[in-house]
Amino acid sequence: MLDLEVVPERSLGNEQWEFTLGMPLAQAVAILQKHCRIIKNVQVLYSEQSPLSHDLILNLTQDGIKLMFDAFNQRLKVIEVCDLTKVKLKYCGVHFNSQAIAPTIEQIDQSFGATHPGVYNSAEQLFHLNFRGLSFSFQLDSWTEAPKYEPNFAHGLASLQIPHGATVKRMYIYSGNSLQDTKAPMMPLSCFLGNVYAESVDVLRDGTGPAGLRLRLLAAGCGPGLLADAKMRVFERSVYFGDSCQDVLSMLGSPHKVFYKSEDKMKIHSPSPHKQVPSKCNDYFFNYFTLGVDILFDANTHKVKKFVLHTNYPGHYNFNIYHRCEFKIPLAIKKENADGQTETCTTYSKWDNIQELLGHPVEKPVVLHRSSSPNNTNPFGSTFCFGLQRMIFEVMQNNHIASVTLYGPPRPGSHLRTAELP
Amino acid sequence: MNEAMATDSPRRPSRCTGGVVVRPQAVTEQSYMESVVTFLQDVVPQAYSGTPLTEEKEKIVWVRFENADLNDTSRNLEFHEIHSTGNEPPLLIMIGYSDGMQVWSIPISGEAQELFSVRHGPIRAARILPAPQFGAQKCDNFAEKRPLLGVCKSIGSSGTSPPYCCVDLYSLRTGEMVKSIQFKTPIYDLHCNKRILVVVLQEKIAAFDSCTFTKKFFVTSCYPCPGPNMNPIALGSRWLAYAENKLIRCHQSRGGACGDNIQSYTATVISAAKTLKSGLTMVGKVVTQLTGTLPSGVTEDDVAIHSNSRRSPLVPGIITVIDTETVGEGQVLVSEDSDSDGIVAHFPAHEKPVCCMAFNTSGMLLVTTDTLGHDFHVFQILTHPWSSSQCAVHHLYTLHRGETEAKVQDICFSHDCRWVVVSTLRGTSHVFPINPYGGQPCVRTHMSPRVVNRMSRFQKSAGLEEIEQELTSKQGGRCSPVPGLSSSPSGSPLHGKLNSQDSYNNFTNNNPGNPRLSPLPSLMVVMPLAQIKQPMTLGTITKRTGPYLFGAGCFSIKAPCKVKPPPQISPSKSMGGEFCVAAIFGTSRSWFANNAGLKREKDQSKQVVVESLYIISCYGTLVEHMMEPRPLSTAPKISDDTPLEMMTSPRASWTLVRTPQWNELQPPFNANHPLLLAADAVQYYQFLLAGLVPPGSPGPITRHGSYDSLASDHSGQEDEEWLSQVEIVTHTGPHRRLWMGPQFQFKTIHPSGQTTVISSSSSVLQSHGPSDTPQPLLDFDTDDLDLNSLRIQPVRSDPVSMPGSSRPVSDRRGVSTVIDAASGTFDRSVTLLEVCGSWPEGFGLRHMSSMEHTEEGLRERLADAMAESPSRDVVGSGTELQREGSIETLSNSSGSTSGSIPRNFDGYRSPLPTNESQPLSLFPTGFP
């Protein structure tokens, strides 16, 4: 049984690990995976059809804990202990819930001190006792007790009293004063772990299409050195097609992984007559998992060739590999009255809306299965790739965008050289 | 043909486009033998008779392979279709003579062409400056003069300055000198990239803007090296690495050199103690040398230079990498109180002074050597975008050359960064295999024509990476200060410089992601696979050697040193024992010389694993060496991990050395001179990049189409072009995806009302339709056993997520369930559908059978679910799908036919017009 320390408005955890409000989903998953022998049977609950309408929930079924992540920013919003019999809890080092100690109203009072009177919710038939960043819900012992605590009975005064012996049914840790209005806080410094995250990623474009990315980066130091002070740095960096490796490394730091592309299946579609010739070296990706960005470098020139932005929607094959990239992509819209107009496509745009904005259908999609071997299928089904203005949008079946690939302009030499070069 | 070649002089002083053209000569092991014989017959009479040679050679002082516009694959449009049209960039060679210099180009055809030749006194360093990067704000002041040649001559343009104190920039187009930069101290070397020109002086570095040649920044804190390179630096596309003379803790990056890990190779290295001892004396020598030379030199314009606080002793072996773009203007100062702007990394690399360093082609790796030359270090620089102290420097390899002292003069990488060649002043080139990501070079990594990923398919599917990581993190990483090293000199900076590992272990605990904080990779000690020597004994006999003795190339090739290398003749102290050589990798050009005689070799048909290695020596002879790595022949069994050995053989040679009879070849050049054409092409490309109109172009070039043309673009011919740009696999996935379980189960929440789970758009159900798998159940039984033993995940899902269900059963109906009213997140009714994986199955057939199996199971369980009371099944419509799992593989073998077939497109509710949106399937064979 887990023995966890409760820190209101902040976290739930022990010496080794801690679920902190504002923690990115991948980090919570990493903690769970690291302790897979202790924490088993974790459910990932999400809405397949409208993944933004519900929080994303990690339900630790064996431990009575639910971690609720904001559907948009995928940071930890609420920690709920939904079954106090499955976990030991302490506050300031002292247990208030264990096999020996029942989490009664008296125990809570003793451990946490005084607060506002409890609020009765008749729909749930629960009393809520609120502290800042911490709420307890009390279950009433029997049905018969309930009516006399109806809120309209003596206008709440009677509801001050939570009956003796009532035990906590659920506990919530959240940010701010009210569970209803809580939002996932900014990522705490302790969650950076030397990583760099992107607050937003703007696609820069010129006349023909994307030219590069402008990233608003968040970084916090750790360990000795100049950045040791506990302070978050926010800064903007830009990378462009044609940048060298060292350019990118200077701007964004080193990637988490480097992936060497094996053969390129999509070469079959290349208009180049030389596509059948196997290339001698392979292009390689810089994987920036915490930015949600991949950068493809050309093997010969070591220059940036493509950017791939990932939205990390649950229900996608690559879910939980990348942190969500909050991108903004200006799309050129052709309209009668105004030309040169752009509309913005974001991480949360749906593809059918974008097509409406464009005012014309996009040509035939490519079906992407992502089942990478014969003995392997992708339970989430295939996705569809649409090409548009030197960008490829990978669209899931729920019309959300799974990833966007930006590729550079066709080499200016191909059509210009014959005409223009001296 | 072959015969004609042999009799023909390889040198044809035909002046087709100005310069001399030299054809390659075939070289085989046999001709090597012949050349020795020739030597005996040839040289001895000369020595005695003293008859004047018909072909006298000029004395070569230095040789170098140059990167300029002519062979710039990224900006020279000629090479954009590289590797498919055979349009390889030429090799560009610069040869410095005791009088003047020479430039050669060797295109893929193999016909070496002389491009430039002057005799105007000794030249210490020269560079052909690449066309600069410019933009709308920054224009190139010298655009119409380019290409420019920067030279450092003994007599500068002014004539009054001391020798070698002046950089003159000559236009190869017009022949005039366009700029001259004076210094007060001698110049050692010149480096350049498309952003800056770097002038290397004693203990100082000065950088100039490549467009204007105005001063950008300068460094005055370099640690001097006794030579051959007095102030070694490495210039990448953006970074500049130099040897710093002190270590500043607050800027120090994590990692750096790992005490050479003496224990690990005591077996091969006989005497670590001896090494240390000789190192000690070496240090002493350098320090005394230093104190003598220190006060010399002030930079060109007497800037008030921050005093280097001479009281503190200089620390050898420190490397600082700066970002030339962000380092700012003026003096670059790495000190306690300076901020870290522009400092990329700052770390200890050696205990001895650094002697030579080089970035690889991508710029992620830095190879450094010290003055001893026993071991070379390969570092991977993992940057942080903000601070050098957050940067990590991983010491990936120690390349062990040998026990004797040797000075390194040249380092080069193969293009894919799997081979490093380090050449010493003895004229020996040592060929080492490395991986850009570290780890043991082996058959798997070096016998394939392309770079393979770090984890093999096997390692990945077995999840070995995670295990490995866990192990290393438990050991607290490898690079804890080696206690054994404390026997080294007390003043030794290395172990004092090492970061304490402990402070990082806390961070690595829950942090598998961050590469800068992950445990340092294990250090590999790599021995050279081949050592290619120059004929040093012959060379020392006479400066003027016979015409075709060295034309044929004389060298001995030694097999890798599993055994201790035979004692080498220690070079004499005189310059005679020193041989300037330079090496570079390139596509083979020897077919021209060999196509008739060597037909039996099938190397034209098979894909070459390693590019050819070109080595030019101080005799002016360029030799192409074929390199063929192969599994160690003594290995009992060849597997992926079998170590390598290497066969090298000379294939062709070019005699490029100039004779006094040759005319000079000086600018101004014709407009069709290769260097000028290349400069034009690259400048043109730069204009396009900057979105500017190139001068002299007939009309405004609209690179960027208007929005109109854009919007209508999709009807054009380029339509299908984007298809080839689709990226399917962008990363090495974990061996089990999160949704494959077993720890995690995926459940979807449906809005209320949608109760028909089977008809959900999930392709799972459809692809497992009854018509789908008419596969024979071949090994169903064994598979079933396997299944049972493997299956950890419960066969059916638990009743869903309604904790503490003490509420009355009557209160909940099948569909409307409020999970969480309080937080307001589940205000709608939900149904849950489980989408999750199970343990991986074996291969295709078994998979099919198990699919059948699950489908059966699914029906049964559905029936079960119907029969069960709603109290057990919280959500009446909830059902469970047992997915048979999946190992995903590295290779994206997407030609699979099983499983997902694009029929689920029907389920895709797209608002597209139907005729427009016919899906283009990646699996045309997928339909049964």
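# Why these labels apply

In this predicted model, buried residues make up 64% of the 422 residues in chain A.

User: What makes A:Asn312 count as buried or exposed?

Analyst: Its relative accessibility is 8%. Buried means under 20%. A:Asn312 is therefore buried. The residue is in the loop between strand 20 (304-310) and strand 21 (327-333) of chain A.

User: What is notable about the phi of A:Asn312?

Analyst: Phi is positive, about 55°, although A:Asn312 is not a glycine. Most residues other than glycine have a negative phi.

User: Which label fits A:Cys92, buried or exposed, and why?

Analyst: A:Cys92 has a relative accessible area of 58%. Exposed means over 50%. So A:Cys92 is called exposed. It too has a positive phi without being a glycine, here about 50°. Its loop runs between strand 8 (87-91) and strand 9 (94-97) of chain A.

User: Why is there no bond between the sulfurs of B:Cys580 and B:Cys618?

Analyst: The sulfur of B:Cys618 is the closest cysteine sulfur to that of B:Cys580, at 4.8 Å. A disulfide needs the two sulfur atoms within 2.5 Å. The distance is therefore too far for a bond. Over all chains, the structure holds zero disulfides.

User: How do you know whether B:Cys580 and B:Cys192 are buried or exposed?

Analyst: B:Cys580 has a relative accessible area of 12%. For B:Cys192 the value is 16%. The limit for buried is under 20%, so both cysteines are buried.

User: What makes the pair A:Tyr284 and A:Phe286 an aromatic pair, and which kind is it?

Analyst: There are 36 aromatic pairs over all chains. In this one, the rings lie 6.1 Å apart, centre to centre. The cut-off is 6.5 Å, so they pair. The planes are 45° apart. Stacked needs under 30 degrees and edge-to-face over 60. The pair is therefore tilted.

User: Are those two residues buried or exposed, and why?

Analyst: A:Tyr284 has a relative accessible area of 4%, and A:Phe286 has 0%. Buried means under 20%, so both residues are buried.

User: Which residues do ring pairs link into a cluster?

Analyst: The cluster holds A:Tyr46, A:Tyr317, A:Phe319 and A:Phe380, together with B:Trp739 and B:Phe746.

User: What puts the charged end of A:Arg324 over the ring of A:Tyr313?

Analyst: The charged end is 4.4 Å from the ring centre. The rule asks for within 6 Å, and within 35 degrees of the ring normal. The distance is within that limit, and A:Arg324 sits over the ring. In chain B, B:Arg124 lies over the face of B:Tyr164, at 4.1 Å from the ring centre.

User: Which peptide bonds are called cis, and what are their omega values?

Analyst: The bond from B:Arg146 to B:Pro147 is cis, with omega near 5°. Another cis bond joins B:Pro667 and B:Pro668, with omega about 5°. Most peptide bonds are trans.

User: Where do B:Pro147 and B:Pro668 lie?

Analyst: B:Pro147 is in the loop between strand 8 (123-129) and strand 9 (148-153) of chain B. B:Pro668 is in the loop between strand 35 (644-655) and helix 11 (674-690) of chain B.

How values were computed. Residues are numbered from 1 along each chain as its sequence is written. Chains are lettered from A and ligands numbered from 1 in the order in which they are written. This is a predicted model: local features need pLDDT of at least 70, side-chain atom pairs count only at pLDDT 80 or more; totals for chains, interfaces and linings use all residues. Side-chain values use heavy atoms; hydrogens and water are left out. Buried means under 20% relative accessible area, exposed over 50%, partly exposed in between (1.4 Å probe, protein chains only). Helices (H or I, at least four residues) and strands (E, at least two) are DSSP runs, numbered from the N terminus. Rings of Phe, Tyr and Trp (its six-membered ring) pair if their centres lie within 6.5 Å; planes under 30 degrees apart count as stacked, over 60 as edge-to-face and the rest as tilted.
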